Amino acid sequence: MSESTTALDLLDAWALLTPEERAEGFRVMSRDEQDDFFLSLQTEDQAELFRAVRPGERRLWARLLAPDDVADLAQYLEGDPLREELISLLDEATHNEVSALLAYEEDEAGGLMSPRFARLRPDSTIDQALFYLRRQARSKEHALETLHYAYVLDGEQRLLGVLSFRDVFAARENARVGDVMTRDLVTVPESMDQEEVARVIAEHDLGAVPVVDEEGRMKGIITVDDIVDVVQQEATEDIQKLGGQEALEQRYMQTSLPGLVKKRAGWLAVLFLGETLTTTAMGAYEEEIASAVVLALFVPLIISSGGNSGSQASTLIIRAMALGEVGMRDWWRIAHRELLAGIALGSILAVIGVVRVAIGEALFGTYGEHWLLIGLTVGISLLGVVVCGTIAGSMLPFVIRLMRADPASASAPFVATLVDLAGLVVYFNVAQWLLRGTLL
C-alpha cells in the first residue's frame with residue numbers, strides 16, 4: 001500500500017486484501033484516520049485488524065473502543081487467546097463494565113447496551129445539571145454513548161425520568177431537574193431479545209432506549225446505532241433461512257468452503273428426500289398417466305403453481321411476524337384471508353390454464369376431442385392446488401413458532417416441497433373424477 005493511502009481507499013479495497021495488506025494499509029494512515037477507520041469497522045474486521053497489528057499497538061485500539069464494542073469484540077474472540085489479552089489491556093473501570101456486559105447473552109438487551117450515559121439527580125438545579133453534563137461530556141476516558149438524552153436516577157440508580165438537552169437549555173435556571181423531566185418512559189428489560197428491542201425502538205421512533213433490571217435500576221442504553229447492525233444481522237439470517245439453508249455465522253466470503261457446504265447440505269438433503277415423495281405419488285398414479293399421457297404434460301405447471309403460491313404466502317407471513325405485524329393469536333384471521341386470496345389467485349390461474357388448453361387445441365389440435373375436459377381438469381386442479389399452497393404456506397410459520405423454532409425455517413423451498421405432493425394428489429384425483437369413462 002502506498003503512503004498516500006486513505007481510509008476510503010482502504011475500505012474500497014478491503015475485501016480484496018490479505019490480512020497483512022490490510023494491516024499495512026492501516027499503519028500508513030494518519031492517526032485521526034486510523035481512529036475513525038477502526039471505529040467504523042464491523043466486529044469481525046476489528047478482530048482481524050487487532051490480531052494483525054503489533055502487540056504494543058493493541059492497548060491503544062482496545063482503549064479506543066466503547067465498553068459495549070469491546071464486549072462484542074471479546075465475544076467474537078471466544079476461545080481465542082487474544083480475548084484474554086484484549087481484556088487485560090483495559091483500565092480497571094472499563095474492565096468492570098465489559099465484564100458486566102459479558103455476563104449477558106449476546107442477543108439480549110443487556111449484551112447490546114452501553115453503560116455510559118449521562119446521569120442526573122432529580123433534586124439538582126438546571127445550572128447544576130448543565131455543570132454535571134458538561135463534565136461528563138468532556139470525559140475522554142469514559143466518553144458518553146450519546147449526548148442527546150440525560151437520564152434522571154435516584155440514589156439507588158432507579159430510573160425516574162429523562163431529559164433531552166433541549167429540555168435542559170429551555171428550562172428556567174432555578175428549576176429542578178425533577179420538575180422538568182419526562183416521566184412517561186419507554187424502557188426495555190435487560191433480558192429482552194435483540195429483535196424485540198429493535199421493534200420497540202422502531203415503534204416509538206427512539207434515538208435511544210434505556211435498559212432496566214427487574215427493580216427498575218438503569219443498567220445502560222441502546223442507541224439506534226447499536227441496533228442497526230442487529231437489524232441487518234437478523235434480516236440476513238432470515239433471508240438465508242428463507243433460501244432453504246442454515247444461516248451463515250460469518251460473511252459469505254469469509255466462510256470456508258467446507259463450512260458453506262455444511263450449512264447448505266442438511267436442508268438440501270431434507271428437501272431432496274421430500275421431493276422423493278413426489279415420485280412416489282406419481283408412481284401411485286402410473287395407470288392414469290399410461291392411459292392419458294397428456295396428463296403428464298401439465299404436472300410441472302400444476303406443482304409449480306402450488307409451490308409458488310405457498311412460497312408467496314410463507315414469505316409474507318414470516319416477514320409480518322418479524323416486524324410484529326401479526327402474532328400467534330392472528331392465525332385464524334390469516335387463514336381466512338389466505339383462503340380467500342387462494343380462491344382468487346387460483347381462479348385467475350384456472351382461467352389462464354383453460355384458455356391455454358383451448359388455444360393449444362385451436363392452433364395445433366394437441367388435445368383431441370376431449371380438450372375441454374382436459375382444460376377443466378387443469379383449471380380445477382390449479383384452483384385447488386393454489387388454495388392448498390396459500391393455506392399451507394401461511395400456516396406453517398405458525399406451526400413452527402408453536403414448536404418454539406424460528407418461523408424463517410419455513411423456507412420457500414420447504415413449503416414448495418410440501419405443496420408439490422399435495423398438488424399431485426389434487427391433480428390426479430380431479431383427473432379421475434372428470435376423465436373417467438373418456439380418457440381414463
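**Notebook: a pocket, a hairpin and a loop**

I started with the second largest pocket, and helix 14 (224-242) gives the largest share of its lining, eight residues. I am working from a predicted model here.

I then looked up who else helps. Helix 13 (194-204) and helix 17 (299-322) each supply at least two residues of this lining, as helix 14 does. In total I have 16 lining residues for the second largest pocket, and those nearest its centre are Ala198, Arg199, Val231, Ala322 and Leu323. I noted a volume of about 310 Å³ for this pocket. What is the make-up of its lining by class? I find 11 nonpolar and five charged residues, with no polar ones.

Next I turned to the strands. Strand 5 (residues 208-212) pairs with strand 6 in the antiparallel sense, and I have five bridges for the pair. Within it, I see Ile221 of strand 6 standing opposite Pro210. Five residues lie between the two strands of this hairpin, and there Gly216 takes a positive phi near 85 degrees. Is strand 6 mostly covered or mostly open? I have it as mostly covered: of the six residues in 218-223, five are buried.

Last, I checked Met29, which sits in the loop between helix 2 (19-27) and helix 3 (31-40). Why does Met29 count as buried? Its relative accessibility is 5%, and the cut-off for buried is under 20%. I also took one long span from Met29: Leu277 is 248 residues away in sequence, and the two C-alpha atoms are 60 Å apart in space.

Note on methods. Residues numbered from 1 in each chain as written. Predicted model: local features only at pLDDT ≥ 70, side-chain atom pairs only at ≥ 80, totals over all residues. Heavy atoms only, no water. Buried < 20%, exposed > 50% of the residue type's maximum accessible area, 1.4 Å probe, protein only. Helix = DSSP H or I, 4+ residues; strand = E, 2+ residues; numbered from the N terminus. Pairing = 2+ DSSP bridges. 1 Å grid on protein atoms, 1.4 Å probe; cavity = no way out; pocket = protein on both sides within 12 Å on 5 of 7 lines; lining within 4 Å. Points joined across faces, edges and corners; volume = space filled by probe spheres on them. Nonpolar A, V, L, I, M, F, W, Y, C, P; charged D, E, K, R; others polar.
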